[in-house]
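Ready for a short set of exercises on a ligand site and an enclosed space? Work through each task with the structure open, then compare with the solution.

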Amino acid sequence: MSDIRCIGIATGGGDAPGLNAVIRAATKAAILKHGWKVIGIPDGFDGLIWPEKSFELTLKEVSGILPRGGTILGTTNRGDPFHYKKVVHGKEVLRDISAQVIANAAKLGIDAIISIGGDGSQKIAYELFKKGMKIVGVPKTIDNDLSATQVTFGFDTALHTVTDAIDKIHTTAASHHRVMVVEVMGRDCGWIALEAGIAGGAHVILIPEIPFTIEHVCRHIAEREKVGKDFTIIVVAEGVRTPPELKENRRASSIGNLLGNAIARGSGKDVRVSVLGHIQRGGTPSPFDRILATRFGVAAVDLIAAGGFGMMVALHGDTIVSVDVAHAIGHLKSVNPNGEIVRTARAVGIGFGD
Ligand code: F6P
């Protein structure tokens, strides 16, 4: 028999479609399956600095949120109770307020917390766990770059958004005989660029895992021209390594704009750039993301009931499993430059600028 009576739920890091589906599933399972009380902690662990801002999540509170993007709890990708920024005598100092956060959770009657977040949030959760907080993790990021789980929710929705954008860009690129550069998210890994690029029929895909040169990108454009293809779509992940000739300018502009200018100079073609930005993180979650998020939410509650603290739920094959957060954090799942999916892309003529 578990001694849990009340759990807290917090969402940390950048938002992702499906967060609300996790909150709903975990709340429902906690109440209906276990008879627990559920408390929503606003804005990640920062919410525990001001316990009075937390509020009860009831069945009514989570009703209707399944298809909603974002998170009803709010989030932040700056909060860290171990390095909390405070202004003292006009100067910014970092304070460790983790003890206060743990004490406030206890004051709220919270026995265990579900921390829904990416690598950064799980690192914080793990540090709090080491200090005695009972925590289980749910992985999240639209970038799909956590090695502990095969897929994170939010990624599939982002792929739909980006593929739809590339489809739309296709028609205008073809009509104007232009080169179109589409910059997508992917701070460390190129999954969104690679998979949406393939799905959207991009001609060149530039990702952090494969170094490229402007010369090779321009050569690809020229080769297409030779066979009568007078437009080219280039999908670039925001986290690509800057080619040496552009290094100095990287800070001044988005990588998409920098590349667009360099490709215009190198190819002599008319180039336009679309930086998709945060629309990739918004919108209603796809059915796949809703289902995965629901499975994660229920599994996280079951993990608490089983006493699996310091663990995180994950998808391995068709199965939801739990992994040790200590082993899960800090390991990126990069695109394998020689893997099957890159080889498939090359086989259908997609260039990687290398
Ligand atoms: O980690 C997910 C992500 O979408 C990255 O691809 C991107 O660099 C980052 O979030 C942007 O976050 P924000 O603008 O919220 O700081």
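Two exercises with worked solutions follow.

The model is predicted: local features need pLDDT of at least 70, side-chain atom pairs count only at pLDDT 80 or more, and totals for chains, interfaces and linings use all residues. Residues are numbered from 1 along each chain as its sequence is written, and side-chain values use heavy atoms, with hydrogens and water left out.

**Exercise 1.** Find the residues that surround the ligand, then look for its polar contacts with side chains.

*Solution.* Start with the shell, taking residues with a heavy atom within 4 Å of the ligand. You should find Asn77, Ile142, Asp143, Met185, Gly186, Arg187, Glu238, His278 and Arg281. Next, sort them by class: two are nonpolar, three polar and four charged, where Ile and Met count as nonpolar, Asp, Glu and Arg as charged, and Gly as polar.

Now search for polar contacts (pairs of N or O atoms within 3.5 Å). A ligand oxygen lies 2.6 Å from a side-chain N or O atom of Glu238. For Asp143, the corresponding distance from a ligand oxygen is 2.8 Å, and for Arg187 it is 3.2 Å. Finish with burial: the protein covers 75% of the 400 Å² of accessible area that the ligand has on its own (Shrake-Rupley method, 1.4 Å probe).

**Exercise 2.** Which residues line the largest cavity?

*Solution.* Take residues with an atom within 4 Å of a cavity point, on a 1 Å grid where a 1.4 Å probe fits but cannot get out. The lining consists of Asp119, Gln122, Leu146, Ala148, Met312, Ala328 and Ile329. Then classify them: five are nonpolar, one polar and one charged.

Technical notes. Polar contact = N/O pair within 3.5 Å; in protein donor to acceptor, adjacent residues only side chain to side chain. 1 Å grid on protein atoms, 1.4 Å probe; cavity = no way out; pocket = protein on both sides within 12 Å on 5 of 7 lines; lining within 4 Å.
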